[in-house]
Amino acid sequence: MAFYSRVSGSVGMITLQNPPVNALSAAVRQGIVDTMHRALSEPEVKSVVICGQNGKFCGGADIREFGATMAGPPLVPMVHLIEAASKPVVAAIEGIALGGGLELALSCHYRIAHSKARLGFPEVALGLLPGAGGTQRLPRLVGVPAALDLITTGRHVTAAEARQLGIVDEVTELNAVDAAVKFAQSVAGKSLDARRISTYPCPRPPDLDAIFERAMQQVRRSSRGAIAPGTCVQAVHAAVTLPYAKGMERERELFSVLFNSGQARALQYYFFAQRAVSRWSTANGARWDTSKPRPVRKAAVIGLGTMGRGITVSLAQAGFTVVAVETQEKQLSEAKQGVSGMLERGAKRRGVPLAHDKIKYSCSVQAVADADLVIEAVFEDMALKKTVFQQLSAICKPGALLCTNTSGLDIDELASQTQSPELVVGMHFFAPAHVMQLLEVVYGPRSSPEAVATAMQVGKKMGKVSVAVGNCRGFVGNRMLKQYLEQAFFLLEEGATPEQVDQVLEEFGFAMGVFKVSDLSGLDVGWKVRKADGLVSPASTGTSARIRGGSRYSPLGDLLCERGRFGQKTGKGWYQYDKPGGRVAKVDPWLHGFLEDYRAQHGLVARRIDHQEVLERCLYTLINEGFQILQDGIAAGPEDIDVIYVLGYGWPRHRGGPMFYASQVGLDKVVERLEHYQQIHPDVPGLQPSRLLRKLAAINNPAIHKWREVIQKPRSQL
Ligand code: 3HC
Ligand code: NAI
């Protein structure tokens with residue numbers, strides 16, 4: 001709702017009340033309309049201030065209402081009522097003015113912001129455009145290029161930048177509401193003719209066509225198939241080419257297209273999913289709201305290779321004191337240089353404070369003795385990690401949390417090397433660890449709720465989105481990825497090429513296709529794991545080159561590694577590069593010949609594989625593994641999996657994540673297609689639909705937010 005009061009006799013104050021962000025719910029909109037009428041009708045009131053309760057102006061339209069039938073007064077007439085008011089209306093912007101909140105502020109005649117406030121139009125991230133006049137008012141106020149930038153990227157601006165752009169009239173370090181009241185008194189009775197933004201002509205720079213052309217190219221390049229950014233450009237175009245009223249009509253039409261799109265539903269689902277993962281629970285009943293994190297001030301990192309360096313940087317930037325350990329002098333000195341460079345680049349490019357003084361380097365593992373939390377990031381080798389955990393258990397102070405960054409080794413086996421297995425968890429970062437937002441916090445059967453809560457909180461302080469997952473081979477992300485990779489290899493055996501598979505996946509919206517990613521991360525990484533698992537040499541299993549443990553296996557990746565083709569680092573992998581370390585993937589005729597020879601050698605006849613088959617086999621097996629993960633209690637809900645895939649594996653955000661995507665395709669269809677492929681490939685277990693998937697499909701494809709009810713029933717009933 002909105003609360004009305006009178007300040008200093010002549011100022012009508014409208015306070016938005018809808019915690020936590022004063023979103024414009026039906027009740028708030030009704031409250032604003034009612035209180036505006038009241039302020040306008042009271043003769044003693046000479047000016048009006050609109051502010052938000054608890055130091056937050058307004059977080060925009062209430063996203064929770066988007067799925068329901070519209071109730072209460074619509075936003076557009078509400079902002080017109082404010083702009084048309086005969087008394088000056090001043091927005092007092094504290095905290096945030098986002099989306100509809102900024103549109104509300106732009107309908108006011110003046111805007112006073114607190115210096116710490118952030119403003120912006122983040123609608124594009126929800127698959128929308130500013131639909132209450134934002135696309136028509138902002139270009140009139142700040143010009144076309146700045147409006148295009150803010151509306152198509154959704155970025156927040158500081159109060160200082162907003163002042164520079166002309167969005168706000170004054171910035172104050174003091175109380176913004178008090179400043180707005182004073183300001184409102186000073187403008188009482190003044191003409192408002194020049195204060196109504198909708199009446200401003202929209203600036204028309206001479207190179208208008210070129211500006212819009214560039215904006216369209218830019219959004220096409222970065223949007224990976226998302227429709228909202230391009231639609232935002234069209235709406236701003238209407239502001240320049242049409243009179244205000246017609247522009248508003250166009251904004252409404254375009255908004256309606258987006259609002260009703262599957263992409264908007266996916267992005268809004270994702271918005272809530274990303275927040276839901278912080279309310280974690282584990283398979284044995286520990287929960288976010290009943291588990292208290294331990295205080296962590298001093299952290300330590302063991303092993304300063306690719307991952308250890310990124311983790312050190314990220315911890316230091318988050319304000320932790322860090323002890324960084326490599327046992328060899330040479331590696332330590334290289335790591336020091338590497339970390340310093342990363343810190344300096346972070347400071348230069350992103351304005352992150354330099355944190356050199358937070359880090360102490362050492363060649364001795366003894367240096368971590370008084371750390372509250374240690375993250376091990378040595379080679380992916382169980383024997384080595386076990387030794388490190390035995391050392392840590394002997395050295396570290398009682399109560400210290402011992403964490404591993406392993407990509408998929410057994411957390412419980414490592415915990416069993418220590419005196420306090422309840423204090424062992426996985427903190428699985430993604431490369432580059434100081435940039436990637438995702439952290440899988442992996443709990444073993446013996447990890448205490450407190451240990452999980454601590455790792456989740458440390459992750460949050462590091463600016464990561466932390467997702468709690470159970471202990472199994474590959475955890476959530478890499479376990480699902482295995483199925484996806486496997487299908488991609490099988491498709492090559494059956495006649496596809498890496499570029500064909502990648503093209504289909506990139507058209508779907510992945511940042512990079514599976515083979516390009518594999519070249520980037522290094523083919524040798526998976527090869528080492530397969531070797532350790534005894535999969536690489538068929539002789540050891542005594543079976544065919546393409547069968548392991550009775551199931552189909554493709555040795556293609558192994559064969560490339562045997563030829564020294566590790567991907568970008570060696571200049572050759574699934575593609576060729578101009579030099580080792582080169583980044584531009586080029587089709588490699590050698591690889592085509594190699595695939596032909598391979599097929600001939602194994603009696604495989606290449607067939608034409610269409611787009612749909614590539615997509616279904618790669619995605620549905622990945623999704624199927626996701627259902628298996630839910631069934632096994634490794635992830636608590638579909639949101640956990642979707643956040644992991646969007647933030648860690650380049651799944652297109654506008655498709656919500658693999659589990660949301662499955663819910664949109666229809667679970668019965670996913671089952672039907674998996675069964676179809678399973679009949680053709682009976683030796684591929686990943687094509688066998690999981691029991692949970694079948695069960696959900698059989699109960700009529702319930703909405704994704706209802707899945708947990710089915711999952712939470714005792715697993716024996718599944
Ligand atoms: N509607 C409903 N709920 C909202 C909301 C909104 N606009 N914005 C935030 N919330 C909820 C969150 O879901 C969360 O709920 P939870 O505690 O139950 O999980 C709670 O508010 C707090 O949010 P955060 O955890 O994100 O808190 P932060 O302090 O980290 O961030 C924020 C605050 C910057 C406002 C961030 O929540 C945000 O970016 N919100 C979305 C803002 C937005 O996109 N506004 C545009 C809406 S669309 C629109 O206005 C259309 C119009 O043009 C017609
Ligand atoms: P890396 O090979 O780049 O670095 C490992 C470092 O550990 C080396 O610098 C080595 O000198 C050091 N080291 C080895 N034994 C040590 C010891 N006893 N004490 C101190 N330092 C020691 O490896 P990378 O890629 O950083 O991987 C580390 C861990 O992170 C592995 O478990 C890996 O599976 C995991 N991981 C790797 C990801 C990646 O993309 N590289 C992603 C996520 C996890």
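**Exercise 1.** Which atom of ligand 2 lies 3.4 Å from a backbone N or O atom of valine 378, and which side chains also make polar contacts with ligand 2?

*Solution.* The model used here is predicted. Begin with the backbone: the partner of the N or O atom of valine 378 is an oxygen atom of ligand 2, at 3.4 Å, and this pair counts as a polar contact because the cut-off is 3.5 Å. Turning to side chains, a polar atom of lysine 385 lies 2.6 Å from an oxygen atom of ligand 2, while an N or O atom in the side chain of asparagine 405 is 2.9 Å from an oxygen atom of the ligand. Finally, consider the surface: ligand 2 taken alone exposes 830 Å², of which the protein buries 78%.

**Exercise 2.** Describe the shell around ligand 2 by residue, by class and by secondary structure.

*Solution.* The shell holds 22 residues, and the closest are Met307, Glu326, Glu380, Lys385 and Ser407. Sorted by class, 10 are nonpolar, nine polar and three charged. At least two residues each come from α12 (306–317), α14 (382–395) and β15 (424–429), with α14 giving the largest share, three residues.

**Exercise 3.** Locate the largest nonpolar core and examine one of its well-connected members.

*Solution.* This core has 104 residues, and those touching the most other members are Val368, Val501, Trp574, Leu619 and Phe627. Helix α24 (residues 611–631) contributes the largest share of the core, 10 residues. Taking tryptophan 574 and leaving aside residues up to four places away in sequence, its contacts include Phe489, Leu492, Pro498, Phe515 and Leu591, but also Ser518 and Asp519. Apart from this core lies another, of 72 residues, among them Tyr4, Ala39, Cys58 and Leu138.

Key: Residues numbered from 1 in each chain as written. Chains lettered and ligands numbered in written order. Predicted model: local features only at pLDDT ≥ 70, side-chain atom pairs only at ≥ 80, totals over all residues. Heavy atoms only, no water. Near = heavy atom within 4 Å. Polar contact = N/O pair within 3.5 Å; in protein donor to acceptor, adjacent residues only side chain to side chain. Areas by Shrake-Rupley, 256 points an atom, 1.4 Å probe, with all protein chains shown as cover. Helix = DSSP H or I, 4+ residues; strand = E, 2+ residues; numbered from the N terminus. Nonpolar A, V, L, I, M, F, W, Y, C, P; charged D, E, K, R; others polar. Core = buried A, V, L, I, M, F, W, Y, C linked by side-chain atoms within 4.5 Å. Buried < 20%, exposed > 50% of the residue type's maximum accessible area, 1.4 Å probe, protein only. Contact = heavy atoms within 4.5 Å.
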